[in-house]
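Here is a set of questions and answers on one model. Please look over the sequence and structure first.

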Amino acid sequence: MKRQCRIWLPKPLSSTDDDSTPHSLLFGWFVSHSSSCLDVVVAFITDEVSLSRGSSLQEILSETNEMMPLTLPDKAAFTLLGCYDTCLSANGNAPKNATDEDGSYGSLCRYSCGCHKVDGLLEEFRKDSLSSHWIHMVHDSSRERGIRMHHIHWNEDVVSQCDVHVIVYDTPVFGSHHFSLSFWNASPQTKAPLQKPNWVNDLHKRQPLIEMETVILSINCAASAEIAYKKLSTQLETSSRKSSVTYLISTLAWWLLATLLSSLSSLYYSLLQLIYVLSSFPIFSWGRIASKRLLKNTWINFRVRSCQILYWPTLLQENDTRSISCVEDAEKASLQRHSTWSAMAVDLVLGNLVGLGLLFNTGSVCSWLFHFAKEFTNDILRSGCVWLMGVPAGFKLNTELAGVLGMVSLNVIQIWSTLWIFMASFIFYLIRAVAVLGITFGATVSAAFVIDVITFATLHVTALHWAITLVYSHQIQALAALWRLFRGRKMNPLRQRLDSYGYTVKQHVVGSLLFTPLLLLLPTTSVFYIFFTITSTTINSVCMLIEFAISIVHATPYAEIMIWLVRRQRFPCGVWFEIEHYKKNILSSSNDSPEKNPFRMVSNLRSNFLSIGQILLPHYTTMFSGISASSLTTSARGVLSGKRMPSKLGLDLPPPRPWMHMPLRQYWILCHGSIISSSEKGSNHDLSLEKELPKASQSSSS
């Protein structure tokens, strides 16, 4: 069977022209998919001298694998891949007798390498490696990228004739870029050659995602593996940054910022704990219960904001040390850590903008509210009820029933308007309360308070809508039951179906006497029901719009948006190959077997990137998970049958967390330490990995 090999090379190695080190070692991963397909992921290159000064190779490889993600060592272990030679003579050219007639460098293996009979230090390295494979790479300036595979020890076979696909990649770095196989229906950007080899088509037919998963994971761990290897092989102490003026100023600025934010968060923490303790006293329990019923939305959003203030320093800390090794996992963990405080910061900024605007324009807002309430009460509610008591839109209604419904509605509106005249003096303080809530706890809490205020201020409209809905729904149900009586049908509630039933003559007579007045009074009831349904639905729509804005503020990933605007490469979605070179062996004849007619291809690994819509879509999809088309259809049908529409959308909010208690000083230290550690991880991710290396070494030695 023809063997196929893909060699994944970091870009610095593929473009190096340094001949000062004749013999170097390749480290990385062998990913074997079958007996005839092998992926060689090269992480970095190093010289033999640096390894000879350190510990044994087996200990270094074992400790390095312990630093990798849990799923990677099970599929492919980090190991010594082979050697890399310049293969040049003293005059800078390859020996003339080094190549065979087919140009495959077969005799060069016996000429310069001697891998069949390796002795000395290299033999010890091969014995300590964790794989049965061994690859020999050579430098050749006449070839593409200046590097080529000389031969490979494939289990117990020495293979120099196989299809080789060299893929050059940029080493992933935290905060810069990485690779990912998650697709978002991105359009393919592959640049294919005029004639694609058959073995490449075969690779695409064999579900490349399954094979590429381990390869991409290895590539994302290449930088961390190099740091871990160099740290363990040279036995250096933890690297420290240069004490430059810039670094000292940056450290001082971060320390001052951490102190300021920790003090501010501690002030919030003290206020929240005081509110929680006071609400737990029996003397204030009735007030807490009443406020939770009247200000239900405010309490829900206040609990969400309280949990964010209590838990943001805990969420900002790094818990999984293995996630540091894989750049993709580190990026996801970083975005998850920064999502809570970024959402809270944006909410507080919006709340301060709205709150300060209300504080400076309280008088104007009060006058506008009085004018709007007067127009809504007189021009819409009262005028609408008077209009319905006459001949609305030319419909001839029952005068007595329309008069009764209209007078009841006008009396309720007048009573509620009189009560609001006495409560008008509190509007000024109510606007101040909305402003203070926005400045203190953010725009979402103040917006939720506005929803509760609107609900309480329009309680008379809700009561009238509930009463007329009760009358209309019972009238519809009675007409439907009487219509079934005339058809000889009866509703079976157990089986939810209509069964045949024989009614008596008396039942038909009574049904006829009831059906006629109910049917004739239905238009009068319907117009009042339609009027108050439209009014109540308009008020509920305003509340739903504010609720929608609150959910948008909670669900928007502000950290991801800001990072996407600065560096889009941190959001990859799928990989593609940019073909750089492809050809067959030009010295081979058409009668040769496939084993003697190998292909050679050189490609660059590229990434597609997410758009801003693709970043926001998963978060907003989760937010609208509780809303479906069937629920909207059911609500629309319910309006026709006299059922009330829901007053809330039921959008998803951040889940509540258990209340947390700790001493104030301990909370301040936790906030301060979280900010300082986050600044170090954000500015130097490699330093975080180096800090974890001594822990791994101590655990392995113990």
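## Packing, rings and cavities

Ser 266 is buried, at a relative accessible area of 6%. Buried means under 20% relative accessible area, exposed over 50% and partly exposed in between, with a 1.4 Å probe and protein chains only. This is a predicted model, in which local features need pLDDT of at least 70, side-chain atom pairs count only at pLDDT 80 or more, and totals for chains, interfaces and linings use all residues. Residues are numbered from 1 along each chain as its sequence is written, and side-chain values use heavy atoms, leaving out hydrogens and water.

Q: In which helix is the place of Ser 266?
A: Helices (H or I, at least four residues) and strands (E, at least two) are DSSP runs, numbered from the N terminus. On that numbering, Ser 266 belongs to helix H10.

Q: What distance separates the C-alpha atoms of Ser 266 and Ile 309?
A: Along the chain, Ser 266 and Ile 309 are 43 residues apart. In space, their C-alpha atoms are separated by 9.2 Å.

Q: How many aromatic pairs does the ring rule give?
A: Rings of Phe, Tyr and Trp (its six-membered ring) pair if their centres lie within 6.5 Å; planes under 30 degrees apart count as stacked, over 60 as edge-to-face and the rest as tilted. By this rule the count is 21.

Q: Are the rings of Tyr 276 and Trp 659 stacked or edge-to-face?
A: Their centres are 4.7 Å apart. Their planes stand at 10 degrees, so the pair is stacked.

Q: Which parts does the pair of Tyr 276 and Trp 659 tie together?
A: The two residues are 383 residues apart in sequence. Tyr 276 lies in helix H10 (residues 245–280). Trp 659 lies in the loop between helix H22 (629–640) and helix H23 (664–683), so the pair ties together H10 and that loop.

Q: Is Trp 659 buried or exposed?
A: Its partner Tyr 276 is partly exposed, at 37% relative accessibility. Trp 659 has a relative accessible area of 17%, so Trp 659 is buried.

Q: How are the rings of Trp 368 and Phe 372 arranged?
A: Both residues lie in helix H14 (residues 362–389), four residues apart, about one turn of the helix. Trp 368 is exposed at 53% relative accessibility, and Phe 372 is partly exposed at 46%. The ring centres are 5.5 Å apart and the planes are at 10 degrees, so the pair is stacked.

Q: Over the face of which residue does Lys 490 lie?
A: A charge sits over a ring if NZ of Lys or CZ of Arg is within 6 Å of the ring centre and within 35 degrees of the ring normal. Arg 570 lies over the face of Phe 174, at 5.6 Å from the ring centre. Lys 490, at 4.7 Å from the ring centre, lies over the face of Tyr 501.

Q: Which helix gives the most to the largest nonpolar core?
A: A nonpolar core is a set of buried Ala, Val, Leu, Ile, Met, Phe, Trp, Tyr and Cys residues joined through side-chain atoms within 4.5 Å. The largest has 37 residues, and those with the most contacts inside it are Trp 8, Phe 27, Trp 29, Phe 78, Ile 219 and Leu 605. Elements that each supply at least two residues include strand E2 (23–34), helix H8 (208–220) and strand E11 (572–584). With five residues, the helix that gives the most is H8.

Q: Which residues form an aromatic cluster with Phe 27?
A: Phe 27 is among the core residues with the most contacts. The cluster joins Phe 27 with Trp 29, Phe 44, Phe 78 and Tyr 229.

Q: How far apart in space are Glu 578 and Arg 606?
A: Glu 578 is found in strand E11. At 18% relative accessibility, Glu 578 is buried. Glu 578 and Arg 606 are 28 residues apart in sequence; C-alpha to C-alpha, their separation in space is 6.8 Å.

Q: Which helix gives the most to the lining of the second largest cavity?
A: On a 1 Å grid over the protein atoms alone, a cavity is a set of points where a 1.4 Å probe fits but cannot get out, and lining residues have an atom within 4 Å of a point. Among the lining residues are His 465, Ser 536 and Lys 643. The lining divides into two nonpolar, five polar and one charged (Ala, Val, Leu, Ile, Met, Phe, Trp, Tyr, Cys and Pro count as nonpolar, Asp, Glu, Lys and Arg as charged, and the others, Gly among them, as polar). Four residues come from the helix that gives the most, H19 (residues 505–555).

Terms used:
1 Å grid on protein atoms, 1.4 Å probe; cavity = no way out; pocket = protein on both sides within 12 Å on 5 of 7 lines; lining within 4 Å.
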